[in-house]
Amino acid sequence: MQSSSNKYLPAYAAVTTLFFAWGFITSLIDPLVAAVKGIFSLSDVEAQLSAFAFFIAYGIMSFPAATLLSRFKSVSTILIALGMMIGGCLIMLVAANIEVYALVLGGLFVLASGITALQVAANPLAAALGSPEGSHFRLTFSQTFNSLGTFIGPIIGASLFLEGVEVKHGETITDEVRAQALAGIDAAYFWLAGMIAALLAFFFVSRNIVGQAAPDASAAKPKGIGEMLADAFQSKWAVLGGMAIFLYVGAEVAIGTQMAFFLNADSIWGQSDAIFAFPFIDKIASSDGVLGVSLQEAAALTALYWGGAMVGRLIGSALLAKVNAALLLVVFTGAAAAMCFYVFSVGGVGAGFIALAIGLFNSIMFPVIFTLTLERSTASSEATSGFLCTAIIGGAFVPLLAGLVSGHSSYVTAFIVPAICYIILCVFALSAAKTKATNEVAEVAASH
C-alpha cells in the first residue's frame, strides 16, 4: 500500500482476505483432477472436465455478476457470492457421499460461480483502495496473498485426496483407498464451507467499513449484459486483453492440473528421488521410502509451481515500481515459453524442475494483463472488467486440449499447448509496450 492511502488500509486488508480464499479453493482443483481420475476410472480428458466445470463458470457468470454489481453495492454482491460458494461446497459434500462424478462437476460449477461474482465485486475495491499511481504495485501485492492460498491448497488436497491413489497404466485402486479419497473430498469441502461462512460473517460485520471505502457507483446507470458486452467489443484493447487472459489462465491451469501426472511419469520423477535431496522439501511432501515420486507426492509438490507465483509476485511488486509493466510482461512471457519448449524438447529429470519453475514467471501476468488492458481500453472499466473475467473461461478449454494431447502422446508432449499460449502472450505484451495508455488509472482489477 502507498503511504498516502492509509485511510484505505482496513478495507484493503478485508478485501485481501478474499484473494487468499479463492486462491486456496482454485488450487484444490489440481489434486482433485488427479483424485477423480483414479476414483472414477477416467481418461485424461474426462478428468479435466473438473477444471472445465470450474472455469466455465467464468464465461457464464462474469457478466451477470457485473450486472449484479452495477445494481447493488460491492459488499452486498460479496455477501451473495460467498453464499453461492457455501452452496457449491454443500453440493460437493453430497457428491462425495453418493459417489456421483456428474454431481462433483455441478458442485464445482456452483462454487466457481460464487468465486466469479466475488472477483467481479472485489475488483473495483482492490483497484480503488489507494493512490492511482500505485495501481500495478498494489494489485500485484494483493496477488501475493492469492498465491499463498494456491501454495497451501495442493499440499492439503494431496494429503486428503490422494493417499494410496495411483493412475498409471495397469494400476488399480482398492475399495478402501477409494473410500478414503472420497472421505478426504468430503472433509475438505466441509471445512471450506465453514471457512467461507466465517468470511461471510466477517464481511457482514465489517460491511460499513468496507462500504465507506468502496467507490460510489450510485451515479452510474445500471447496465444490462448485452449493453456491457457491446461496450467491450467496440474496444480493440478489451478484445485483445480478453484473448490474453483466455490464453494465460488456460496455460496456467493446463500446467497445474497435469503437473501431478507429469511429475509422476516414469520419464520425469516416477523413478527418481532427485527432488528429495533439496532442503525443506520434506515440509511439502515427505518421501514414502519407495524409489520415485508417487502421485500423492507429485500432487503435493505441485505447491512449488504455485509457490513460484507467490515469490514472483513479491519480486514483481518491487520490479513494477521501477520497470515498465509491458516490458516486464514481455520478459516473463518469453521466459515461460522457453521453459515449456525445454520440457517438450528435452524432458528427463531436469524437466521436472523447469516445469515447476514456470510458476515464477506466471506470477505477474494476470494483474499486469488486466491493468494494461484497462489503461488502453476505450470501453467502460465495468464492461472491460466483466469481459476480462469472462475470458478466464480459458481455464476450461485449454486444459481439455492439453488432456487430449497427453492422452494421445504423453504429459511431456502436452507442454506444447501452454508454450504456444505464452508465445502469443509475448506478442500481446510487445503490442502493449508500443501503445500509449489512454486512461490514467486502471479502475478495476482482478485476480486468478
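How much space lies in the second largest pocket?

## Second largest pocket

In this predicted model, the second largest pocket holds about 290 Å³ of space. Its lining consists of 15 residues, and those closest to the centre of the pocket are Lys37, Val167, Lys168, His169 and Tyr411. Two elements, α10 (236–264) and α16 (394–408), give two or more residues to this lining.

Sorted by class, the residues lining the second largest pocket are five nonpolar, six polar and four charged.

## Cavities

Two cavities of 30 Å³ or more are found in the structure. The largest cavity has a volume of about 50 Å³. Around the largest cavity stand Ala254, Ile255, Gln258, Phe262, Ala402, Tyr411, Ala414, Phe415 and Pro418. Helix α10 supplies four of these residues, the largest share of the lining.

In the lining of the largest cavity, eight residues are nonpolar, one is polar and none is charged. Tyr411 belongs to this lining, and Tyr411 is also one of the residues closest to the centre of the second largest pocket. Helix α10 likewise contributes to both places, with four residues in the lining of the largest cavity and two or more in that of the second largest pocket.

## Overall fold

The chain has 17 helices and zero strands. Of its 448 residues, 58% are buried. When contacts between residues at least 6 apart in sequence are considered, 83% of them join residues at least 24 apart.

## Confidence

Mean pLDDT for the chain is 87, and 88% of the residues reach 70 or more. Over residues 441–446, pLDDT stays under 50. The model nevertheless has 29 contacts beyond four places in sequence for residues 441–446.

## Cysteines

How many disulfides does the structure hold? There are zero disulfides in the model. Cys421 is in no disulfide, and the nearest cysteine sulfur, that of Cys340, lies 8.7 Å away. A disulfide requires the two sulfur atoms to be within 2.5 Å, so the separation of 8.7 Å between the sulfurs of Cys421 and Cys340 does not qualify.

Is Cys421 buried or exposed? Cys421 counts as buried because its relative accessibility is 6%, and the cut-off for buried is under 20%. Cys426 is buried too, with a relative accessible area of 16%.

## Positive phi in loops

Which loop holds Ser41? Ser41 sits in the loop between α2 (29–39) and α3 (44–71). Although Ser41 is not a glycine, its phi is positive, at about 55°. The relative accessible area of Ser41 is 64%, so this residue is classed as exposed, the cut-off being over 50%.

Phe280 is another residue other than glycine with a positive phi, here near 75°. Its place is in the loop between α10 and α11 (295–319). Is the side of the cut-off on which Phe280 falls buried or exposed? Phe280 is exposed, because its relative accessible area is 64%. Ser41 and Phe280 are thus both exposed loop residues, placed between α2 and α3 and between α10 and α11 respectively.

How values were computed: Residues are numbered from 1 along each chain as its sequence is written. This is a predicted model: local features need pLDDT of at least 70, side-chain atom pairs count only at pLDDT 80 or more; totals for chains, interfaces and linings use all residues. Side-chain values use heavy atoms; hydrogens and water are left out. On a 1 Å grid over the protein atoms alone, a cavity is a set of points where a 1.4 Å probe fits but cannot get out, and a pocket is an open set with protein on both sides within 12 Å along at least five of seven lines; lining residues have an atom within 4 Å of a point. Grid points are joined across faces, edges and corners, and a volume is the space filled by probe spheres set on the points. Ala, Val, Leu, Ile, Met, Phe, Trp, Tyr, Cys and Pro count as nonpolar, Asp, Glu, Lys and Arg as charged, and the others, Gly among them, as polar. pLDDT is the predictor's confidence in each residue, from 0 to 100. Contact means heavy atoms within 4.5 Å. Buried means under 20% relative accessible area, exposed over 50%, partly exposed in between (1.4 Å probe, protein chains only).
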